[in-house]
Amino acid sequence: MLRKILSKRSLVFLFVAVGVLAGVSAQAVTMTREQKIWNSMSKLKDVRSWVYDGSISYYGKIISKYSDLLKDPAIKKTPAKYQTFTLNFKGGKEIFTPTENQSWFSLTTKSSDKKEVSIGLETRSVGGNFYATINKADNFPVGLGEYKDLWVQFNAESILKELGFGEALLEQKAKVQNVNEEDEKQVKELVTKSKAFKVVGVYTARLSGVTFDVYNFSVNKNELKKLTTGLVSLSDQAVTAKQSTDLNKGMAQIKSISGNIWVSRKDGMPYRLNLNIFGTQPREKTSINLNLSNFNEPVPVYEPALYMTWKELFNKIIPQSSQFLNSTSTSSTAPAMW
């Protein structure tokens, strides 16, 4: 169920997120309304800190029984029924250097069916360590209650080194930090020339004493497919038949995409994004809402007062697992998949 929502969301956010990275130069005396939006979103590239909150809500046919999700496709499942599934989230992030930052994030899920699986998760990233805890776990078939509100510390470098993947991690980090300006230029050119995004109306609104230009927009599915295919092709790899089939299948399940973006007249920054994705099922709808605030203001993040290390957690779940980890960490050869 959640995978279905996220798959639809990713198609739209792929388009929007690339616009954030690309932007449009404001050299022209008169910009189109689409260019004004890209120009606003491009400013996010230089923001060092921000706070956000929002929600993803889906209404449609859902297989409510967790056991049905694990069944073999050939086994008859309980008929899906109309429900509302909502994921609420919030968080914040502060960037210090290209490789150093701190952040916090939390999410909760709920369903109109009180018997549906629901979860709450909170994470913090500070001082090179990652902390996570489950603060809600309802209707799960496995006993997560024992681990509720238990903070666990993870350190990616430490974990990979313990498993013998230290060198592979360093190589991957080097690739990520090596930004290719030519690739960015090509992405920008693809996005700015795309006709996938069209502003259909503009109005003015005031919120907390700030005046906003609110741009209503629609998304052309065929043009969005062209843009997505073009972006995949930039990796110097041809779009595979499976990728093309999956993209067409995903688009076929969407009837229309529309929404609005709120741009502040004071600083030209985008503060709100609302998306409505209507599916092909009767009354099927996904709503995505995102609010941004506190640009370039400090985002304090603190490590939990009490926490368990990832090794301690493994030993708790699988007794004697530390012996396996210690023996594995002596290996300097990474598996073939790396």
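Two strands are taken as paired if DSSP finds at least two bridges between them. The model analysed here is predicted. In this model, strand β4 spans residues 118-126 and strand β5 spans residues 129-138. The two strands pair in the antiparallel sense, over 9 bridges.

The hairpin of β4 and β5 has 2 residues between the strands. Across this turn, V126 stands opposite N129 of β5. G127 lies in the hairpin and takes a positive phi near 60°.

Strand β5 also pairs with strand β6, residues 152-154. Here 3 bridges join the strands, and β5 and β6 run antiparallel. One bridge places F130 with its partner F154, in β6. Strand β5 thus has bridges to β4 and to β6.

A second site concerns N220. This residue sits in the loop between β8 (210-219) and α7 (221-233). Is N220 buried, partly exposed or exposed? The relative accessible area of N220 is 36%. Buried requires under 20% and exposed requires over 50%. N220 is therefore partly exposed.

The surroundings of N220 include residues distant in sequence. Its neighbours within four places in sequence set aside, N220 is in contact with K195 and A196. A196 is 24 residues from N220 along the chain, yet their C-alpha atoms are separated by 4.8 Å. The side chain of N220 also has a polar atom that lies 3.0 Å from the backbone nitrogen of N222.

Conventions: Residues numbered from 1 in each chain as written. Predicted model: local features only at pLDDT ≥ 70, side-chain atom pairs only at ≥ 80, totals over all residues. Heavy atoms only, no water. Helix = DSSP H or I, 4+ residues; strand = E, 2+ residues; numbered from the N terminus. Buried < 20%, exposed > 50% of the residue type's maximum accessible area, 1.4 Å probe, protein only. Contact = heavy atoms within 4.5 Å. Polar contact = N/O pair within 3.5 Å; in protein donor to acceptor, adjacent residues only side chain to side chain.
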